[in-house]
Amino acid sequence: MRTSPLRTTASGAAVVALGLSALAVGATAPASAHGNAMPALVKSFTSMDADHGIAVLGNRVVFAATAETGGDEPWITDGTAAGTKMIRDIVPGAGSSLPRDFTRVGSRVYFTAETAATGEELWVTDGTAAGTKLVEDIGPNAVGAEPASLAAVGNRLVFSAEDNVHGRELWSSGGTAATTQIIGNLRLGPDSSSPRDITLTSSGAAMFSASGTGVGSELYRTDGTQAGTSLVRDIRAGNGSSDPQAITHLAGGSVVFTADDGATGREVYRSNGTAAGTVLLKDATPGPSSTTHAQLTKVGNKVFYSATWPGDDAELFATDGTASGTGLVKDIAPGDQSSFIDSLTDVAGTAYFTAVTPAHGREVWASNGTAAGTRLVRDTSPGVASGLQGPIVANGRFAAFGATTPATGREPWVSNGLTTGTTLVRDTRSGNSQMQAVTSFGGKVLYAGMVEAKPTLFSVDVQHYFTVDSAKPRTKVVKGGKARVGKRLKVVTGTWEKGAKLTVRWLRAGKPIPGATKLAYKLTRKDRGKRVSVRVTGSLAGHNAVTATSAPRKVKRS
């Protein structure tokens, strides 16, 4: 039986009753903020911890929390107070089912939950109470299979579980007892192969680490079926273990991971799922000594990571899956200091991360994979004090995170990659709200913080925040009168966001008029009896462009 892990808790049972007006406490939004994109308070809880897993289901988020009624159970939110609710009270009353490891497969989310009757087993939900159910009691008699390493492979879930017969082995499920089966009894008998680090590739198969019969811990591949589950390569031949770790999808069905072949120490490898295609990329620390790797993260067509190399501490590295394309990106903190890379995130093909330098402390950085293209985005807390703790969450081409300043404490921030576009969204409350970004869903980002000692969720419409403020354009007849052939129409754009570049396109019956892209347009015989309008597009660096169209004006026939 699993015990409840340490979670953020607060004494007392009363939920904080806060209206949106409470968000106005403290500093106001910066002048550059879009006034209709402020944080929305979702709900306060008794306890909540995003580290236990969270899954995006369409434009909603599934997570675990404890509120005023019920124990620790599965919840769902659309980013509004009205759209936030417990999905099902699996263990009724004050008891907790301790849901964890939420993993989306298609239109459903799998997770583990615990009851007195079954122990910890596999569950699935479609976001409704009726659609939330036990998949199968794999480990019967309340022992619990303790499913782990849940991963989507095609339209199935692949995971490890213990059925008390085969040891901990590889399983697959389609969401019903009939479709749940062992697919990889890799260590025969009751001993366990302990599959872990299951990682989906672009080919639809998954790679994972396991200890099969006759080999140590090595790299395996599965397509979700028994026939399609096999050893990829025994990197450290015999019973020795190369112990593949940090298996990370690269591209074209390949993965990057670290392993120790016994001769070169722990280094970076690439595999395409075949023995011949599983190779050491580079012995960064020559000889049997190991390189220390962390934070392996796919960004665009590369995998970025933190690594050490001879004579220096950990810095930013990247690989494109080739030996020549594997190496140091930039020594951010030169000399014998480490920049302590953390929170590596793919933001529209750019690597965002936090790093520590003597001049700025821990702040947000970005990299395109070159030294010249690796830069400090903004020193959110100027000077040596650290502003960023992470994590960083991507929302389209924008980034979201919690940042700390002396004036506001830790509050929600967003960035479009520009120094001027990296900004505090709002000081949600007086003091330190301990805000951090949790996940992205739709055009929004979910943040978690503390309000009146209660773990609290907020949502921010990040896409709206970085969309150009627009106006409704209209047309007027130059020198007055009716819109007739020979007359000139002029566009009145209205007030758009400061700095926005406006472009104009005149339309006839809703279709562009060739060459008509100036502020004024002279009506021709082709317009007679037709409806003419104008389309204005506003663009601004780091923002989503906006297009607005005037009401059509009918051109008189005579």
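1. A quick convention to start: a residue is called buried under 20% relative accessible area, exposed over 50%, and partly exposed in between, with a 1.4 Å probe and protein chains only. By that rule R196 is partly exposed, because its relative accessible area is 27%.

2. Please keep in mind that this is a predicted model, where local features need pLDDT of at least 70, side-chain atom pairs count only at pLDDT 80 or more, and totals for chains, interfaces and linings use all residues. Residues are numbered from 1 along each chain as its sequence is written, and side-chain values use heavy atoms, with hydrogens and water left out.

3. On to the charged pairs. The count comes to 6 salt bridges, each being a side-chain nitrogen of Lys or Arg within 4 Å of a carboxyl oxygen of Asp or Glu. One of them joins D72 and R100, at 3.0 Å from N to O. D72 sits in the loop between β4 (60-66) and β5 (73-77) and R100 in strand β7, so the pair ties together parts 28 residues apart in sequence. Strands here are DSSP runs (E, at least two residues), numbered from the N terminus. D72 is buried at 2% relative accessible area, and R100 is buried at 5%.

4. Have a look at D243 too. Its side chain meets that of R196 in a salt bridge of 3.6 Å, N to O. This links distant parts of the chain, with D243 in the loop between β18 (230-233) and β19 (245-249), R196 in strand β15 (residues 196-200), and the two positions 47 residues apart. D243 also forms a salt bridge with R266, at 3.6 Å from N to O; R266 belongs to strand β21 (residues 266-271) and is 23 residues apart from D243. R196, D243 and R266 are thus linked in a network of salt bridges. R266 counts as buried because its relative accessible area is 16%, while D243 is partly exposed at 24%.

5. R266 turns up again around D260, a residue of strand β20 (residues 255-260). Neighbours within four places in sequence aside, D260 is in contact (heavy atoms within 4.5 Å) with R236, S241, S242, G265, R266 and S290. D260 counts as buried, because its relative accessibility is 19%.

6. What lines the largest pocket? The lining consists of I54, A55, V56, F102, T103, R104 and T345. Strand β7, which also holds R100, gives the most to this lining, with 3 residues.

Technical notes. Helices (H or I, at least four residues) and strands (E, at least two) are DSSP runs, numbered from the N terminus. On a 1 Å grid over the protein atoms alone, a cavity is a set of points where a 1.4 Å probe fits but cannot get out, and a pocket is an open set with protein on both sides within 12 Å along at least five of seven lines; lining residues have an atom within 4 Å of a point.
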